[in-house]
Amino acid sequence: MGLSIQNVSKTYANGVKALQHVSLHIPLGMYGLLGPNGAGKSTLMRILATLQEPDEGQVFLGDTDVVKHKEVVRKTLGYLPQDFGLLKNVTAGKLLDHFAILKGITHRASRKEVVEHLLRQTNLWEKRKQKLGGFSGGMKQRFGVAVALLGNPKILIVDEPTAGLDPAERVRFLNLLSELGESSVVILSTHIVEDVAELCTNMAIINKGEILLEAQPLQAVKDLEGKIWRRVIEKNMLSSMERTYELVSTKLVSGRTMIHIYSQVNPGNGFELVEPDLEDVYFSTMAGYYTAGQSLQKKGAAL
Ligand code: ADP
């Protein structure tokens, strides 16, 4: 069962156009929604989670209209918001049990089974008697997933889940999501390119409320082969490089400035070809040099 988002727009009361004519098809598996802060990701996630309505457009989960049939959708959907508050003085086991009651799992024995299964799945079984106030960021996020998975949702929406996690917690958390992605739709909203690169079979890039690219990460990276060039430069050369070339990214590598540029032909001038990665796709897309299946050359190429 996939999600189909058709021409969805949302303008807030203050005039901010958070989403503008967004159309996406989200199939089974892990789907990455990638974009900078303020791009409109949370707005779209809240609309998919039926917490907010679009001004125009439609969202379908299979054949079900998400906006018109919120109750049906809520039964098959789990949502882990960006910020969620948890009671600090309650143990993980007790709180999950409480949420399970709210979710309608009233039969005691089956609830015990469900709670144990979810705590094991999220690697929190050993911690079930600990209070949530003492949980690390990663443990809290995994607990959030356990809550979101109550009722066996077919779609799981996670909004910016890895921000603030340390590297080990992040890997553990992403592994959990990828296991879930084997049997359901998992939508991961993030501004971290590596999260999408490591996990997602499909993705979209969003900026200023508009979808700039809908692609398969591996295919998009392949499309850029032979077109991304790098060079180490002096810092004071940056603005002239920016004027001359289609600058994709600037990075400090061991204290030196490394730039990546987009060019369909060999730019010469000390540049060398690099194997592109998803970060190059992201920045080339944001800069407008790349859209699905085609690359655009804006400035003069062979300079
Ligand atoms: P993201 O999740 O990508 O950071 P958001 O969906 O949170 O983006 O925000 C998109 C834009 O909408 C931003 O400019 C943000 O300031 C604005 N925005 C978000 N929520 C509200 C709101 N409730 N009222 C007014 N503006 C909002």
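# A tour from the ligand to the domain interface

Begin at the ligand. Select the 13 residues that surround it; the closest are G38, G40, K41, S42 and T43. Keep in mind that this is a predicted model.

Now show polar distances around the ligand. Start with N14. One of its polar side-chain atoms lies 3.4 Å from a nitrogen atom of the ligand. Move to A39. Here a polar backbone atom is 3.1 Å from an oxygen atom of the ligand. Next comes G40, already on the list of closest residues. A backbone N or O atom of G40 sits 3.0 Å from a ligand oxygen atom.

Leave the ligand and turn to charged pairs. Side chains of opposite charge can pair when their charged atoms come close. The structure holds 11 salt bridges. Select R111 and D97 for one of them: their closest N and O atoms are 2.9 Å apart. Then colour the two helices involved. R111 belongs to helix α4, residues 108-121, and D97 to helix α3, residues 92-102. The pair links distant parts of the chain, with the two positions 14 residues apart in numbering.

Zoom out and colour by domain. Domain 1 spans 3-215, and domain 2 spans 221-295. Place a marker at the centre of each domain, using C-alpha atoms; the two centres are 33 Å apart. Where they touch, domain 1 contributes 13 residues and domain 2 contributes nine.

How much area is buried between domain 1 and domain 2? The figure is about 900 Å², and carbon and sulfur atoms give 80% of it. On the domain 1 side, select V193, L212 and L213. These three lose the most area to domain 2, together 48% of what that side buries.

Stay on the domain 1 side and show secondary structure. Three elements each supply at least two residues to the surface touching domain 2: α7 (193-199), β9 (202-207) and β10 (210-215). Helix α7 gives the largest share, four residues. Colour this side by residue class next: nine are nonpolar, two polar and two charged.

Last, look for polar links across the interface. What is the count of salt bridges between domain 1 and domain 2? The count is zero. Residue pairs in polar contact across this interface also number zero, with both residues required to be at pLDDT 80 or more.

Note on methods
Residues are numbered from 1 along each chain as its sequence is written. This is a predicted model: local features need pLDDT of at least 70, side-chain atom pairs count only at pLDDT 80 or more; totals for chains, interfaces and linings use all residues. Side-chain values use heavy atoms; hydrogens and water are left out. Domain bounds come from an automatic or database domain assignment. Contact means heavy atoms within 4.5 Å. Buried area is the accessible area (1.4 Å probe) that two parts lose on being put together, summed over both. A salt bridge is a side-chain nitrogen of Lys or Arg within 4 Å of a carboxyl oxygen of Asp or Glu. A polar contact is a pair of N or O atoms within 3.5 Å; within protein, one must be able to donate a hydrogen and the other to accept it, and residues adjacent in sequence count only if both atoms are side-chain atoms. Ala, Val, Leu, Ile, Met, Phe, Trp, Tyr, Cys and Pro count as nonpolar, Asp, Glu, Lys and Arg as charged, and the others, Gly among them, as polar. A residue is near a molecule or strand if one of its heavy atoms lies within 4 Å of it.
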